[in-house]
Amino acid sequence: MVDEIPFPSQFMVNNKPLPLMGHGITDIEIHFLQIKFTAIGVYLDPEIVTHLQQWKGKTGEELTENDEFFEAVVNAPVDKFLRVVVIKEIKGSQYGVQLESAIRDRLAEVDKYEEDEEEALEKIVEFFQSKYFKKDSVITYSFPATSGSAKISCAIEGKEDLEIEVENANVVEMMKKWYLGGTRGVSPTTISSLANNICVELSK
C-alpha cells in the first residue's frame, strides 16, 4: 500500500515479472497543510543491480543524495515501469503541461531542445489534453530495456484508455529523469525509497 492505494508487488512486462523497487508520492505543503497529488510505484528488472555494483557498500541515505547513482539507474539497460495513481483529481491538460515544462526545461539545459523534441512533447500534451483524471485513475510509463522509446497509457475509472508511443530518445530520457532523477526528481519520497531498496539489493 502506498498512501492507502494498493500497488501490486510485481508487474509483468514483456513476460517478465518486475518487482516494486520504490514508491512514494508527489505532494505540496500549503500553510502547513499537505496536499497529495499522486502515488508512484517504480518497477525495475532486478538485473539492474549488476549495473550498479560500484555503489555497493553505500548507505541508502548516501545513495539518495547521489545524482550520479540515479543517472546510472536511468541509463541502465533494463526494463523499467512506472505506475502513477491519481490521489487528487487533475485535468489531463494540467498534468500534460507539468510534464511538458519539466522535460522542456531539462532538455534546454543540456541544449537538446530542438524541433523534433518540441514535436514529441506536443504529441504528449495532446494525448493528455482531453482526459480528466479522477481519483484512482492510473497513468503508466513503460521504458523497454532495448530501445530509446517509451509507452504512456492511462486507465480512467478502471477502463483502459489509449496509449501513446514516444519515440524521441531525448524526451524519453528526461521523462525517466522527471520521476527517477535523484535530487531533482519530482517525488523525493520515491527517490529515497528507491535508494534504500536498491541499497538492500546491492548488499545481498
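How are H2 and H5 oriented to each other? In this predicted model, helix H2 (residues 67–75) and helix H5 (residues 169–180) pack at an angle of about 130°, and the distance between their axes is 10 Å. Angles over 145 degrees would count as roughly antiparallel and 65 to 115 as roughly perpendicular, so H2 and H5 are oblique to each other. As for handedness, the crossing of H2 and H5 is right-handed.

Now for the residues at that contact. H2 brings Phe70, Glu71 and Val74, and these meet Glu173, Lys176, Lys177 and Leu180 from H5. Sorted by type, the contact of H2 with H5 has 3 nonpolar and 4 charged residues, with no polar ones.

Next, the cores. The largest nonpolar core has 53 residues, and the members that touch the most others are Phe128, Tyr141, Ile152 and Met175. H5 turns up here too: with 7 residues, H5 gives the most to this core. There's also a second, separate core, made of 13 residues, with Ile5, Ala39, Phe81 and Val85 among them.

Tyr141 is worth a look on screen. Skipping neighbours within four places in sequence, Tyr141 is in contact with Lys80, Phe81, Leu82, Val84, Tyr95, Leu99, Phe128, Lys151, Ile152, Met175 and Tyr179. That list includes Phe128, Ile152 and Met175, which are named with Tyr141 for touching the most other members of the largest core. The list also includes Phe81, a residue of the second core.

Then hop over to the start of the chain. Val2 sits in the segment before strand E1 (10–13). Is Val2 buried or exposed? Its relative accessible area is 5%, so Val2 is buried. Beyond four places in sequence, Val2 is in contact with Phe7, His23, Gly24, Ile25, Ala39 and Ile40. One of these, Ala39, belongs to the second core. Val2 and Gly41 are 39 residues apart along the chain, yet their C-alpha atoms are separated by 8.1 Å.

Finally, which residues other than glycine have a positive phi? Two examples are Asp3 and Asp136. Here they are side by side:

| Residue | Phi | Place | Relative accessibility |
|---|---|---|---|
| Asp3 | about 50° | segment before E1 | 34% |
| Asp136 | near 75° | loop between E6 (132–133) and E7 (138–143) | 45% |

With 34% relative accessibility, Asp3 counts as partly exposed, and at 45% Asp136 counts as partly exposed too.

Definitions and conventions. Residues numbered from 1 in each chain as written. Predicted model: local features only at pLDDT ≥ 70, side-chain atom pairs only at ≥ 80, totals over all residues. Heavy atoms only, no water. Axes fitted to C-alpha atoms, helices over the stretch in contact; angles between N-to-C directions. Helix = DSSP H or I, 4+ residues; strand = E, 2+ residues; numbered from the N terminus. Parallel < 35°, antiparallel > 145°, perpendicular 65-115°, else oblique. Left-handed = near helix turned anticlockwise from the far one by under 90°. Contact = heavy atoms within 4.5 Å. Nonpolar A, V, L, I, M, F, W, Y, C, P; charged D, E, K, R; others polar. Core = buried A, V, L, I, M, F, W, Y, C linked by side-chain atoms within 4.5 Å. Buried < 20%, exposed > 50% of the residue type's maximum accessible area, 1.4 Å probe, protein only.
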